[in-house]
Amino acid sequence: MAELDNSSTSSSSGSTLFNRSFTMHANTAEPDAPKVHLLLNNPSSLNRAASISKIYNSIDSVKGKVKKLCNLFESAKSSSTSKELSPKVVLRPTKSIGYSSSFSSSFNNPLIRLPGTEDRIVVYLTSLRGIRRTYEDCYAVRMIFRGFRVWVDERDVSMDSAYKKELQSVLRKKNPSLPQVFIKGKYVGGADVIKSMFEVGELAKILEDFPRIQQPGLVCDCCGDVRFVPCGNCSGSRKVFDEGEGLLKRCLECNENGLIRCPNCCS
């Protein structure tokens with residue numbers, strides 16, 4: 001009887017332990033089922049997951065675009081460095097040839113002549129800086145001729161209006177552009193023609209017959225390379241007193257500005 005009681009007690013204790021372990025596992029497993037059920041049946045959680053995946057996809061697409069841009073910039077840098085390493089050679093004979101042909105046609109044109117200047121180079125220009133491009137063109141032409149060390153008859157239309165009227169009558173234009181160059185009395189052209197002739201070497205051939213200045217770059221002590229000085233007859237006032245009539249009269253030796261050509265460098 002005692003053994004039966006012991007066996008029954010041991011079996012009952014084992015069953016209780018088994019029941020406890022089963023209930024513990026069942027209790028631990030039971031809360032997961034409703035969570036999965038809630039996740040599956042909750043649309044907001046699914047929307048969050050979908051939105052998170054969209055965010056990651058957008059980030060990946062942005063990264064891809066950034067990589068493409070970086071590749072583009074790197075390719076542009078590599079192309080620019082290759083261009084710098086191998087400089088591009090610019091050939092300009094075609095443009096110069098076009099200008100030289102226009103020069104030859106204008107140089108041999110018998111209709112455009114400046115009488116009385118067959119032994120010199122005449123340049124109509126301006127010393128005013130009101131229009132920057134015009135002043136720069138005039139300055140460039142002056143420097144080109146000074147580089148050849150030849151004497152140039154510079155006629156500044158801003159200092160004497162008679163030169164402007166003279167140029168208008170020769171070219172038959174109301175507002176001719178500046179500068180304008182005449183060599184040996186023949187019309188050559190403007191700044192573009194002179195620059196292209198200088199680049200080709202044609203200008204040097206034409207100027208071979210002209211005498212060279214012994215002291216290049218020397219500034220005139222009388223006028224300071226302005227080519228004009230105040231009139232000595234009226235002292236720049238453009239008026240002289242006539243003692244016979246007792247009246248002031250217009251000075252006939254100077255221009256409208258009371259200036260005359262420099263007797264030192266323009267004679």
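This note goes through the pockets, one helix and the aromatic pairs of a predicted model.

1. The largest pocket holds about 510 Å³ of space, and of the 23 residues that line this pocket, Trp151, Ile213, Leu218, Asp225 and Arg227 are the closest to its centre. Three elements each give two or more residues to that lining, namely β1 (121-125), α5 (132-147) and β2 (152-156), and the largest share, 3 residues, comes from α5. By residue type, the lining of the largest pocket divides into 12 nonpolar, 4 polar and 7 charged residues.

2. About 240 Å³ of space lies in the second largest pocket, where the residues closest to the centre, out of 16 in the lining, are Thr126, Val157, Lys164, Pro176 and Leu178. Here the elements that contribute two or more residues are α5 and α6 (161-171), with α6 giving the most, at 3 residues. The lining of the second largest pocket comprises 7 nonpolar, 6 polar and 3 charged residues.

3. Helix α5, which gives two or more residues to the lining of the largest pocket and likewise to that of the second largest, has 16 residues and spans 22 Å from its first C-alpha to its last, close to the 22 Å expected at 1.5 Å a residue. Its buried residues are Tyr135, Asp137, Cys138, Val141, Arg142, Ile144 and Phe145, and what covers them includes β1, β2, β3 (180-183), α7 (191-200) and α8 (202-206). After α5 comes Arg149, whose phi is positive, near 60°.

4. The structure holds 5 aromatic pairs, among them Tyr124 with Phe182, whose ring centres are 5.9 Å apart and whose planes stand at 80°, so the pair is edge-to-face. This pair links distant parts of the chain, since Tyr124 belongs to strand β1 and Phe182 to strand β3, 58 residues apart. Tyr124 is buried, with a relative accessible area of 0%, and Phe182 is also buried, with a relative accessible area of 0%. Together with Tyr187, Tyr124 and Phe182 form one aromatic cluster.

5. Where does the pair of Phe148 and Phe198 sit in the chain? Phe148 is in the loop between α5 and β2, while Phe198 is in helix α7, 50 residues apart, and the pair thus links distant parts of the chain. The ring centres of Phe148 and Phe198 lie 5.9 Å apart with their planes at 90°, so this pair is edge-to-face. As for accessibility, Phe148 counts as buried at 15% relative accessibility, whereas Phe198, at 43%, counts as partly exposed.

Key. Residues numbered from 1 in each chain as written. Predicted model: local features only at pLDDT ≥ 70, side-chain atom pairs only at ≥ 80, totals over all residues. Heavy atoms only, no water. 1 Å grid on protein atoms, 1.4 Å probe; cavity = no way out; pocket = protein on both sides within 12 Å on 5 of 7 lines; lining within 4 Å. Points joined across faces, edges and corners; volume = space filled by probe spheres on them. Helix = DSSP H or I, 4+ residues; strand = E, 2+ residues; numbered from the N terminus. Nonpolar A, V, L, I, M, F, W, Y, C, P; charged D, E, K, R; others polar. Expected span 1.5 Å × (residues − 1). Buried < 20%, exposed > 50% of the residue type's maximum accessible area, 1.4 Å probe, protein only. Contact = heavy atoms within 4.5 Å. Phe/Tyr/Trp six-rings, centres within 6.5 Å; stacked < 30°, edge-to-face > 60°.
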